[in-house]
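Here are some short exercises to work through with the structure open beside you. Try each task on your own before reading its solution.

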Amino acid sequence: LITACEDQHVRLFEFPSLRFVKTISREPFGVRQIGLQSTGKRICVLSDEPDILVYDLDGTQERLKGHKKQIVNVCFHPNAPILLSADLGGTVNIWLRGTTSWSLVKSLELFDQSCPMSLAWHPSGSHFAVGGPHGDVLIIKRDTWKTVFVINHYEEINHLSFSPNGIYLFCGGVKRLASVWRLEQSRKKPIINLNHTDPLTSVSWTQKENALVLADSLGNILYWDNIIKQPHPHPVSGEPQFTLDEEDEETMFPPDIPLDLEAKEADDEYDEEMDDGEDLQDFVVDDDGAGYLDDLKEKSGVDRYRERSKETAKRILEDGLPDEDLEMFAPPTEMDIQPVVQPGATPEQSSRRYLAFNLVGTIVAIDAVSHSTIDVTYHDASMRPFHFTDHQKFTIAALSTFGACFSSESTGSIPCAIQFRHAENWAAKNDWTLELPEGENVVAMAMNDNCVCCVTDKQYLRTFSLSGIQMDIRSLSGPVLSMSGGGNLIMLIQHQAGVYHGHASTCFTLFDTTEYTFQKTEPLAITPQTQLSWCGFSDTMIPMTFDSKGVLRGYFDQERAWIPLLDCYQLSPNKDDHFWAVGVMGDKFMACICKGTSYPSFPAPIILDFGFKLPLAQISMEYVQYEEKLLQGRLFGDESEKHELEMDKHCLHLILYACKEQKTQRALDLCAALSNMASIDGAIKIAVNYRLTNLAERMNAVKEARYRELKHTVHVEQEQEEELVSQPLSRLFDEPIQEQEEEEEVEEEPVVVKKANPFAKQPTEKQAVQKHGNIFEVIQSAAVQGISFDGSCP
């Protein structure tokens with residue numbers, strides 16, 4: 001018995017006594033998979049390195065080099081010294097053991113995209129199966145190393161396993177679909193189809209019984225008894241054999257079997273007739289009545305084929321396709337909408353997974369079968385980390401500086417629970433737990449500065465205060481894809497329609513949690529043929545998204561558009577590196593680089609920052625950097641004088657490059673974009689220096705037009721001020737001034753400037769206005785008596 005554990009050790013035990021024998025190896029990069037030869041003499045170990053380590057149990061070791069990308073699967077031949085290995089690049093290498101060492105015999109470039117690449121030898125050793133993208137399973141013959149046929153599982157394959165006699169092939173998908181195929185009988189559809197409740201992690205046929213043993217991602221071990229029903233043969237009895245037709249041996253991908261063989265022959269007959277002499281009925285003329293056309297008037301094979309085709313089509317339109325044909329034409333699962341993405345969450349890795357990983361900290365769940373342990377840590381060392389035992393098996397979590405929120409799935413009679421734990425325990429019994437109605441589960445969760453929001457499978461958006469008060473509930477118009485929070489906003493990303501040719505139809509909505517209103521709903525931009533990986537807010541509350549192609553985008557209100565801010569895979573020369581989005585700070589993208597995998601490992605990797613670099617054209621040209629700075633300045637800049645001078649500086653650099661290349665129109669356009677008059681003078685000097693007199697004259701005309709525009713603006717502002725001063729006091733205030741009655745003659749007392757008494761009761765603004773009829777007198781009196789006007793009064 002060979003074991004590979006979290007402590008990176010590979011150990012050997014006796015079976016069935018389970019007595020420890022020795023430690024075979026300790027891998028510094030961790031162990032991902034081990035493979036055992038049927039003779040029990042050798043094992044191979046896979047780690048994060050792109051090499052295979054083969055250990056002989058007598059103590060020798062050999063390192064096999066030949067893969068360019070991370071190896072994901074290995075498989076020993078059942079009775080020969082042959083080893084198969086598959087990597088993430090779609091390559092399968094065949095290794096042969098010589099007298100002293102292993103050698104690479106063949107390298108098969110099977111696929112051009114990343115996929116799990118499962119491997120399984122047929123018990124006879126004559127063929128092996130390879131699981132590829134889109135659910136394709138290739139059956140490859142040994143020695144010729146060619147594909148004899150292909151079956152399709154409609155889902156990426158995670159596990160393949162032949163029955164002991166080789167008649168049946170079990171396929172387990174990365175999601176929940178599992179199927180059993182009888183290859184010698186049908187290669188169009190399986191004999192068994194089922195959907196498991198959780199993704200399968202391992203599968204094996206029993207060696208004596210008609211049964212399967214399976215393990216899933218929740219740690220359940222399942223025994224599937226009596227899997228093969230009559231009249232199919234038993235999966236164990238008989239010698240291992242692989243039956244192939246001669247046609248399969250000659251072709252890699254056989255043509256589809258025609259539905260009507262007689263019609264196919266009639267079609268060939270029609271082709272021969274057309275080759276001999278076009279249409280004979282149009283060529284022969286029976287002008288003497290000798291009966292030349294009697295034989296030709298009979299229905300030919302092609303006419304009979306056309307009539308049968310019409311009858312078949314009419315029957316299908318009236319009655320529909322049979323059930324078995326409908327299953328064949330069912331849409332594949334990759335056309336389904338993308339599942340919910342919880343920002344910062346990862347799948348389980350060696351009983352550990354990140355429930356949250358952001359700029360605040362991390363939440364790690366460690367599965368211990370009967371319960372889980374939750375560790376909450378903060379990047380800020382001044383905040384106290386905490387951990388607790390989780391008996392509810394939380395699956396979704398959100399983390400902020402105010403605390404952590406968790407959600408579990410309902411199981412049987414136990415409903416879904418939402419639990420919040422405060423970061424500061426200044427009040428007793430500060431944490432709270434709520435249970436949702438029966439049958440309702442949380443699918444996405446987010447937190448901001450004042451509330452917790454979650455979306456359930458009933459498309460309810462539920463809002464809770466940080467103290468557990470239910471503040472709002474509403475229905476959403478479509479299924480949620482992801483959500484994130486920041487400030488007083490919650491960003492919701494929803495599906496609008498299904499996937500069409502790889503293009504997802506999604507939109508995002510901003511939900512204000514102070515007024516409980518939707519601010520806006522706009523389409524979401526995403527790279528075609530990709531999926532959303534992360535969403536969130538920057539520290540300046542700009543909505544951000546990151547997709548599986550490594551493109552970071554931000555939504556800007558002034559542009560009303562999504563702007564691509566960074567293409568990560570233009571930064572990294574190693575295409576095997578994957579970027580795990582953590583957050584955005586200022587003009588920096590915070591992310592972790594994952595080697596050979598799409599998710600961060602344990603312990604948590606270092607968070608790196610990458611400056612924004614818009615994917616402009618001809619980035620190798622030196623002047624493009626100034627164009628990019630101008631674009632970033634327009635997106636992230638303000639209206640301060642310092643920022644305008646900085647933008648003018650970049651424009652002057654571009655004008656310099658344009659004058660060097662004698663591109664006068666470009667230089668003139670850049671001159672018109674300058675904000676400062678002194679900057680225009682600098683552009684004129686550059687044009688004069690390069691002896692571009694015509695350009696200098698046009699730049700001077702731009703300066704004169706700018707001067708006239710500024711002068712006109714100043715004149716208009718002065719007129720507006722004069723008009724404002726000349727307006728009667730009744731138009732400056734909402735309330736009309738009550739004119740004094742003519743009968744009352746009140747002598748105006750002279751205004752005496754006195755020191756205001758800070759303890760005396762001050763008159764209101766209305767009293768001051770009623771007392772003084774002129775605006776200037778009102779302002780003067782208010783200044784003397786200490787009255788302050790609000791911003792609505794000049």
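**Exercise 1. Find the residue that follows helix α7 and give the sign of its phi. Then check the length of the helix against its expected span.**

Solution. This is a predicted model. Just after α7 comes Q662, with a positive phi near 60°. Now turn to the helix itself: α7 covers residues 641–660, which is 20 residues. At 1.5 Å a residue, the expected span is 28 Å. The C-alpha atoms at the two ends are 29 Å apart, so the model agrees with the expectation.

**Exercise 2. Which residues of α7 are buried, and which helices do they pack against?**

Solution. Start with the buried set: H643, M647, D648, H650, C651, L654, I655, Y657, A658 and C659. Next, look at what surrounds them. The buried residues of α7 pack against α6 (624–636), α8 (664–672), α9 (677–689) and α10 (693–726).

**Exercise 3. Decide whether D472 is buried or exposed, and list what D472 touches.**

Solution. First, place the residue: D472 is part of strand β34, residues 470–475. Second, take its relative accessible area, 18%. Buried means under 20%, so D472 is buried. Third, look for contacts. Leaving out residues up to four places away in sequence, D472 touches L461, R462, T463, F511 and Y516. Its side chain also makes a polar contact of 2.8 Å with the side chain of R474. R474, in turn, lies over the face of F518, 5.1 Å from the ring centre.

**Exercise 4. Classify the aromatic pair F386 and F388, then the pair Y623 and Y657.**

Solution. A pair of aromatic rings is described by the distance of the centres and the angle of the planes. The model has 24 aromatic pairs. For F386 and F388, the centres are 6.5 Å apart and the planes meet at 20°, so this pair is stacked. For Y623 and Y657, the centres are 6.3 Å apart and the planes are at 50°, which makes a tilted pair. Y623 sits in the loop between β45 (608–611) and α6, while Y657 belongs to helix α7, so the pair ties together parts that are 34 residues apart in sequence. Y623 is buried at 10% relative accessible area, and Y657 is buried at 18%.

**Exercise 5. Which residues form an aromatic cluster with F388, and which charged end sits over the F388 ring?**

Solution. F386, F388, F394 and F406 make up one aromatic cluster. Above the ring of F388 sits the charged end of R421, 3.7 Å from the ring centre. F388 is buried, at 9% relative accessibility.

Key: Residues numbered from 1 in each chain as written. Predicted model: local features only at pLDDT ≥ 70, side-chain atom pairs only at ≥ 80, totals over all residues. Heavy atoms only, no water. Helix = DSSP H or I, 4+ residues; strand = E, 2+ residues; numbered from the N terminus. Expected span 1.5 Å × (residues − 1). Buried < 20%, exposed > 50% of the residue type's maximum accessible area, 1.4 Å probe, protein only. Contact = heavy atoms within 4.5 Å. Polar contact = N/O pair within 3.5 Å; in protein donor to acceptor, adjacent residues only side chain to side chain. Phe/Tyr/Trp six-rings, centres within 6.5 Å; stacked < 30°, edge-to-face > 60°. Lys NZ or Arg CZ within 6 Å of the ring centre and 35° of its normal.
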